[in-house]
Each structure stands twice: as structure tokens, then as C-alpha cells.
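Reader: I should like to examine this structure step by step, beginning with the sheet and ending with individual side chains. May we proceed by question and answer?

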Amino acid sequence: MTKLKGTIIGLGKMGLSHAAIVGAHPEVDMVAVSDTSSLVLDAFKKFTTVKTYSDYQKMNYVENSDFVVISTPTKYPYPMV
């Protein structure tokens, strides 16, 4: 069976929680994450092999994912969707 490829936009409290869940799922490959915080992205680069992006639009363009988890503050998701 082919694994689903997923990405996450936003690595705040809930985004990190979703990343842990998605990353642990046996039928899913988390291929990339996006956040505007270089501190968070640097930590992700240091401790994982997941690709990181500071621009969610570039991530969506480059990565051929099957699904996207949008985990940003409530005022931001509308244009992302």
C-alpha cells in the first residue's frame, strides 16, 4: 500500500501536536512543514529529516502532497485554503 504524503503549515503548539500525530502514523509520510519562525524551523531541521519551508506557498508548489494540515492562528487560514 502506498503511503499518503502530508505537509503541515504552522508549527505552533497545535502544529507540533499534529506533526507528532502525523509523523507517527504508519500509513503517512510527513514530507514537509512550513512556518515563519526560523527558530522553529532550525529546531525541526536539527531533529528531523522533514523538509522545512518559511513560505507555505513555495512548499505547496514544490511538494506533491496528498493532504495539508493548516495549523495557524484563526485569522490566517482563509487565504491558505
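Author: Certainly; the model is a predicted one, and the sheet is the place to begin.

Reader: In what order do the 4 strands of the open sheet lie?

Author: The strands pair in the parallel sense throughout this open sheet. The edge positions belong to β3 (51–53) and β4 (67–70), each of which pairs on one side only. From one strand to the next the twist averages 25°. The order is β3-β2-β1-β4.

Reader: How many bridges join β1 to β2?

Author: These two strands run parallel. Within the pairing, K5 stands opposite D29 in β2, and G6 stands opposite M30 in β2. The number of bridges joining β1 to β2 is 6.

Reader: Which residue in β4 does T7 stand opposite?

Author: T7 has its place in strand β1. Strand β1 (residues 4–9) is joined to β4 by 4 bridges, and the two run parallel. The residue in β4 that stands opposite T7 is V68.

Reader: About what angle does the direction of α1 make with that of β2?

Author: Helix α1 packs on the sheet, where it touches β1, β2 and β4. The succession β1, α1 and β2 makes a right-handed β-α-β unit. The angle between the direction of α1 and that of β2 is about 155°.

Reader: And what is the handedness of the crossover from β2 through α2 to β3?

Author: The two strands concerned, β2 and β3, pair in the parallel sense over 3 bridges, and A32 stands opposite K51 in β3. Between these strands the chain passes through α2, forming a β-α-β crossover. This crossover is right-handed.

Reader: Which strands does α2 touch where it packs on the sheet?

Author: The direction of α2 makes about 170° with that of β3. The strands touched by α2 are β2 and β3.

Reader: Is T7 buried or exposed?

Author: Leaving aside neighbours within four places in sequence, T7 is in contact with V31, A32, M59, N60, E63, S65, F67, V68 and V69. Its relative accessibility is 1%, whereas the limit for a buried residue is under 20%. T7 therefore counts as buried.

Reader: Why is β2 described as largely enclosed by the rest of the structure?

Author: The strand has 7 residues, and the description rests on how many of them are buried. β2 is largely enclosed because the number of buried residues is 6 of the 7.

Reader: Which element supplies the largest share of the largest nonpolar core?

Author: In soluble globular proteins, nonpolar side chains tend to be buried together. Here the largest nonpolar core has 11 residues: I8, L11, A19, V22, V28, M30, V33, L41, F44, V50 and V69. At least two residues of this core come from each of α1 (13–24), β2 and α2. The largest share, 3 residues, comes from β2.

Reader: How many residues has the other core, which lies apart from that one?

Author: Among the members of this other core are Y53, Y56, M59 and M80. Its number of residues is 7.

Reader: With which residues is V22 in contact, once neighbours within four places in sequence are left aside?

Author: V22 is one of the residues of the largest nonpolar core, a set that also includes V28, M30 and V69. With the sequence neighbours left aside, the contacts of V22 are V28, M30, F67 and V69.

Reader: Is T36 buried or exposed?

Author: T36 sits in the loop between β2 (28–34) and α2 (38–47). A residue counts as exposed over 50% relative accessible area, and T36 has 77%. T36 is therefore exposed.

Reader: What distance separates the C-alpha atoms of T36 and M80?

Author: Along the chain, T36 and M80 are 44 residues apart. The separation of their C-alpha atoms is 14 Å.

Reader: Finally, how far does the backbone oxygen of F44 lie from a polar atom of the side chain of T48?

Author: T48 lies in the loop between α2 and β3, and is partly exposed, with a relative accessible area of 30%. A polar atom of the T48 side chain also lies 3.4 Å from the backbone nitrogen of V50. For the backbone oxygen of F44, the distance to a polar atom of the T48 side chain is 2.6 Å.

How values were computed: Residues numbered from 1 in each chain as written. Predicted model: local features only at pLDDT ≥ 70, side-chain atom pairs only at ≥ 80, totals over all residues. Heavy atoms only, no water. Buried < 20%, exposed > 50% of the residue type's maximum accessible area, 1.4 Å probe, protein only. Core = buried A, V, L, I, M, F, W, Y, C linked by side-chain atoms within 4.5 Å. Contact = heavy atoms within 4.5 Å. Pairing = 2+ DSSP bridges. Axes fitted to C-alpha atoms, helices over the stretch in contact; angles between N-to-C directions. Polar contact = N/O pair within 3.5 Å; in protein donor to acceptor, adjacent residues only side chain to side chain. Right-handed = clockwise from strand over helix to strand, strands pointing away.
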